[in-house]
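Biologist: Before I use this model in any calculation, I would like a careful look at one part of it, set in the context of the rest of the chain. Please take your time over the answer.

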Amino acid sequence: MSVSVAHTSHKVTYLVLGIIFLLLTGVAMVAFLSAREDNQAQDKAAQLSSELAAAGLRVPDTDRIAQVLGDDGGAVCADPDNALRRGVLYGMLTNGAAGPGQRPVIADNNAMRGQLAIIKVYCPRYLERFQRVVDDLKTAEVAG
C-alpha cells in the first residue's frame, strides 16, 4: 500500500513542478518580449531625436519619446490620413477661440515638420499620403 501512495505522491510532485516550470517559462517570455519592445522603442526614439534635430526642431528627452510613442508610433500611426484624424489636425490649427470665434490660421510649419518626422520614423507607409495632406495646408515659416 505504501508503494502506491509513494507512486501517487511522485506523480503529484512532478505535476506541480511541471506547472511551475511552465509558469516560469511564460514569465520569462513576457519579460524577454517586453525588453525587446523597450529596446526597439529606445532605438526609434533615438532615430526620431536625430530627425528632429536635423530639422532644427526642439528635441524632447529620448526616454519621454519612447514612453509616448512606444515602438509603433502609438496614436500618431493609427492611419494618420483618415478623415477623423485630419479633422482633429485641422481643429488644432486654429486661433484658439471657441465656438463662432474659432478661425483657421496659417500654421507654423514646425508642427507639420515634427509630425512628418514622427511618421517617417514610426510609420513610413503613411508618409507619402500624409505629405499630400501637409502640402495642401497653408503654413508659415517661423524663425526659431
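Which residues make the nonpolar surface patch, and what is its area?

Modeller: The model is a predicted one, and the values that follow are computed from it. The patch you ask about covers about 600 Å² and is made by Val12, Tyr14, Val16, Leu17, Ile20 and Leu24. One of these residues, Leu17, is found in helix 1, which spans residues 2-54.

To set the patch in context, the protein chain contains five helices and two strands, and read along the sequence these elements follow the pattern α-α-α-β-α-α-β. Of the 144 residues in the chain, 24% are buried. The accessible surface of the chain comes to about 9,900 Å², and carbon and sulfur atoms account for 61% of it. Turning to contacts, if one takes those between residues at least 6 apart in sequence, 60% join residues at least 24 apart.

Helix 1, where Leu17 of the patch is found, also holds serine 49. Serine 49 counts as buried because its relative accessibility is 10%, below the 20% under which a residue is called buried. Leaving aside residues up to four places away in sequence, serine 49 touches Val59, Pro60, Thr62 and Ile65. The last of these contacts, Ile65, belongs to helix 2, where Ile65, Ala66 and Leu69 are buried. Seen down the axis of helix 2, these buried residues fall within an arc of 100°, and therefore they line one face of the helix. An α-helix has 3.6 residues a turn, so residues three or four places apart point the same way. On the other side of helix 2, Gln67 and Val68 are exposed, and the helix is followed by glycine 70, whose phi is positive, near 60°.

Between helix 1 and helix 2, which spans 62-69, runs a loop that includes arginine 58. With a relative accessibility of 68%, arginine 58 counts as exposed, because the threshold for that class is over 50%. The C-alpha atom of arginine 58 is separated by 9.5 Å from that of asparagine 110, although the two residues are 52 residues apart along the chain.

Helix 1 also takes part in the one salt bridge that the structure holds, in which the side chains of glutamate 51 and lysine 120 meet at 3.3 Å, N to O. This pair links distant parts of the chain, with glutamate 51 in helix 1 and lysine 120 in helix 4, 69 residues apart. Glutamate 51 is partly exposed, with a relative accessible area of 23%, and lysine 120 also counts as partly exposed, at 42% relative accessibility.

A second link is covalent in kind, for a search of the whole structure finds one disulfide, and it joins cysteine 77 to cysteine 123 with an S to S distance of 2.1 Å. The disulfide likewise links distant parts of the chain, since cysteine 77 lies in the loop between helix 2 and helix 3 while cysteine 123 lies in the loop between helix 4 and helix 5, 46 residues apart. The torsion about the S-S bond is about -80°, so the disulfide is left-handed. Cysteine 77 counts as buried at 6% relative accessibility, and cysteine 123 counts as buried at 0%.

Beyond the loop that holds cysteine 123 comes helix 5, residues 127-135, whose buried residues are Phe130, Val133 and Val134. They cover an arc of only 95° around the axis, which puts them on the same side of helix 5. What covers these buried residues includes helix 3 (83-92) and helix 4 (109-122), the latter being the helix that carries lysine 120 of the salt bridge. The face of helix 5 turned away from its buried side carries the exposed residues Glu128 and Asp135.

To return to your question, the patch is made by nonpolar side chains at the surface, with Leu17 among them, whereas serine 49, also in helix 1, counts as buried.

Notes
Residues numbered from 1 in each chain as written. Predicted model: local features only at pLDDT ≥ 70, side-chain atom pairs only at ≥ 80, totals over all residues. Heavy atoms only, no water. Patch = residues over 30% accessible without salt bridge, like charges linked within 9 Å, V, L, I, M, F, W, Y side chains within 5 Å. Areas by Shrake-Rupley, 256 points an atom, 1.4 Å probe, with all protein chains shown as cover. Salt bridge = Lys/Arg side-chain N within 4 Å of Asp/Glu carboxyl O. Helix = DSSP H or I, 4+ residues; strand = E, 2+ residues; numbered from the N terminus. Buried < 20%, exposed > 50% of the residue type's maximum accessible area, 1.4 Å probe, protein only. Contact = heavy atoms within 4.5 Å. Arc of directions from axis to C-beta. Disulfide = S-S within 2.5 Å.
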